[in-house]
Amino acid sequence: MSETFSLGRIAGIRVGVNASVLVIVLIIAGGLAFGRFPLVLPGRGAAAYAAAGVAAAVAFLASLLAHELAHALVARRNGVEVEGITLWLLGGVARLRGGARTPGAEFRIAGVGPLTSLVLGVLFAAGAVLVRLAGADGLPVAVLDYLAGINVVLAVFNLVPAAPLDGGRLLRALLWRLRGDAWSSAVTAARAGRVFGFALIALGFLQLVTGRGLGGLWLVLVGLFLVNAATAEEQHAQVSGRLGGLTVGAVMSGPVLVADPDLTVERFLHEVALVQRFSTYPLVEPSGALVGLVTLNRLRSVPPAARATTRLRDVACPRAEIPVARPGEPLTELLPRMAGCSDGRAVVLDGSRVVGVVSPSDVARTLQLADLAAFDRYPSAGGGADVARVPDTGRP
């Protein structure tokens with residue numbers, strides 16, 4: 001679901017499109033232009049059918065965007081940072097950094113999406129009625145009828161109580177309110193999602209063997225997506241439940257070995273990386289400000305012939321894309337942000353000063369200690385392979 005190209009920003013929220021969205025546009029436009037519209041309104045030209053099909057497909061994508069934008073705006077109002085929205089083959093996704101802090105916020109964020117689709121369905125239906133009352137008919141009304149129906153279907157489907165659908169989030173919010181435990185509620189909702197996904201796969205195969213073709217294949221595809229997404233959500237919820245109550249400062253490794261962003265890759269490799277045992281290096285200006293992050297994986301991407309002229313800042317993960325946390329922040333709020341160009345690392349800041357790094361190995365070690373119920377005996381489990389005490393180099 002990565003972004004192929006950007007559509008800009010709406011209300012300050014980045015909106016992008018994955019190339020796979022062209023598949024759904026072609027399926028919808030083709031199905032309407034060569035199937036539904038000629039059946040309900042025979043006698044029109046091929047160009048008219050094609051134009052109506054494309055218009056309906058584009059309007060449907062706009063409806064999906066409105067659905068996801070509603071999620072994003074309500075999430076932002078409830079204190080959840082929004083990374084952006086991406087439209088793709090199976091719809092859209094609002095990428096949120098972290099989760100809701102209360103069951104009520106979870107309910108509002110999840111519920112506004114289906115509500116938006118339902119409202120759009122009513123508005124499109126009302127538009128079709130008004131156009132008919134005005135004496136018009138034909139393809140414009142057929143497009144409005146289709147958009148009304150598909151938005152209502154989208155709202156109903158998303159209300160199925162199975163994660164990662166919006167209904168699964170509503171189920172989690174309800175169970176969270178009743179149980180007082182966000183993570184066990186998330187596990188239950190994710191397992192419901194997996195069951196629903198397998199049911200869709202079975203129904204899709206049944207349609208395939210009975211000769212219904214594309215409809216069955218589509219159900220199998222949606223079911224596989226739900227199973228995979230629900231499984232990932234369950235794993236995340238189980239890990240987060242085991243790490244609940246821990247702060248970033250209790251898990252991070254520190255102090256860190258920082259590097260000069262203007263150092264060449266060749267000099268850095270010979271003087272630092274090849275003689276140290278670390279894999280992560282925050283780049284810090286002489287003023288102490290964090291400006292980037294390099295890992296051994298990023299250094300390997302520099303061709304040998306270019307290492308003498310390439311600076312570390314040229315290949316670093318830029319400051320704006322580095323997951324940053326404070327020592328007192330709950331670890332479970334940081335985990336969803338540990339992705340992207342930082343190779344799963346996060347930098348811990350005290351004010352503007354770099355005080356530590358959280359890496360996948362730090363999280364894995366913490367999980368092992370959690371399994372041993374040994375946190376009381378090991379209150380400071382830092383010191384992984386990504387950090388070291390900074391030698392006295394005469395600079396901050």
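These legends go with a set of close-up views of a predicted model.

**View 1. A nonpolar patch sits on the surface.** Here you're looking at a surface patch of about 810 Å², made by V23, I27, L203, F205, L206, L208, V209, L214 and L217. Three helices each put in at least two residues: α1 (21-40), α6 (182-209) and α7 (214-243). Which of the helices gives the most to the patch? That's α6, with five residues. If you want a spot to start from, try L206, one of the patch residues, which lies in helix α6.

**View 2. R95 and E83 pair up across two strands.** Side chains of opposite charge can pair when their charged atoms come close. A search of the whole structure turns up 16 salt bridges, and this view shows the one between R95 and E83. Their closest N and O atoms are 3.6 Å apart. R95 belongs to strand β4 (residues 91-97) and E83 to strand β3 (residues 81-88), so the salt bridge ties together parts that are twelve residues apart in sequence. Are these two buried or exposed? Something in between: R95 is partly exposed, with a relative accessible area of 22%, and E83 is partly exposed too, with 39%.

**View 3. V93 shares strand β4 with R95.** While you're looking at this strand, find V93, which lies in β4, the strand that also holds R95. V93 is partly exposed, its relative accessible area being 22%. Now look for A62: V93 and A62 are 31 residues apart in sequence, and their C-alpha atoms are 13 Å apart in space.

**View 4. D145 and R132 link two helices.** In this salt bridge, the closest N and O atoms of D145 and R132 are 2.6 Å apart. The pair links distant parts of the chain, with D145 in helix α4 (residues 139-158) and R132 in helix α3 (residues 103-133), 13 residues apart. Neither end is hidden from view: D145 counts as partly exposed at 28% relative accessibility, and R132 is partly exposed with a relative accessible area of 40%.

**View 5. D262 and R311 bring two loops together.** This salt bridge has its closest N and O atoms 3.0 Å apart. Where do the two partners sit? D262 is in the loop between α8 (248-251) and α9 (265-273), while R311 is in the loop between α10 (296-300) and α11 (312-315), so the pair ties together parts that are 49 residues apart in sequence. Then there's the wider setting: salt bridges that share partners join D262, E285, R311, R313 and D314 into one network. As for accessibility, D262 is partly exposed, with a relative accessible area of 38%, and R311 is partly exposed as well, with 33%.

**View 6. Helices α3 and α5 cross.** You've already met α3 as the helix that holds R132. Here its partner is helix α5 (residues 166-179), and the axes of α3 and α5 come within 8 Å and cross at roughly 160°. Angles over 145 degrees count as roughly antiparallel, so that's the label for α3 and α5. The crossing, where α3 passes α5, is left-handed.

**View 7. Two cis peptide bonds lead into prolines.** Most peptide bonds are trans, but here are two exceptions. The bond from A163 to P164 is cis, with omega near 10°, and P164 lies in the loop between α4 and α5. The bond from G254 to P255 is cis as well, with omega near -5°. P255 lies in the loop between α8 and α9, the loop that also contains D262 from View 5.

**View 8. A11 and D343 have positive phi values.** Most residues other than glycine have a negative phi. A11 goes the other way, with phi near 55°. Its place is in the loop between β1 (5-10) and β2 (13-17), and A11 is partly exposed, with a relative accessible area of 47%. For D343, phi is also positive and near 55°. Look for D343 in the loop between α12 (331-334) and β9 (346-350); at 26% relative accessibility, D343 counts as partly exposed.

Technical notes
Residues numbered from 1 in each chain as written. Predicted model: local features only at pLDDT ≥ 70, side-chain atom pairs only at ≥ 80, totals over all residues. Heavy atoms only, no water. Patch = residues over 30% accessible without salt bridge, like charges linked within 9 Å, V, L, I, M, F, W, Y side chains within 5 Å. Areas by Shrake-Rupley, 256 points an atom, 1.4 Å probe, with all protein chains shown as cover. Salt bridge = Lys/Arg side-chain N within 4 Å of Asp/Glu carboxyl O. Helix = DSSP H or I, 4+ residues; strand = E, 2+ residues; numbered from the N terminus. Buried < 20%, exposed > 50% of the residue type's maximum accessible area, 1.4 Å probe, protein only. Axes fitted to C-alpha atoms, helices over the stretch in contact; angles between N-to-C directions. Parallel < 35°, antiparallel > 145°, perpendicular 65-115°, else oblique. Left-handed = near helix turned anticlockwise from the far one by under 90°.
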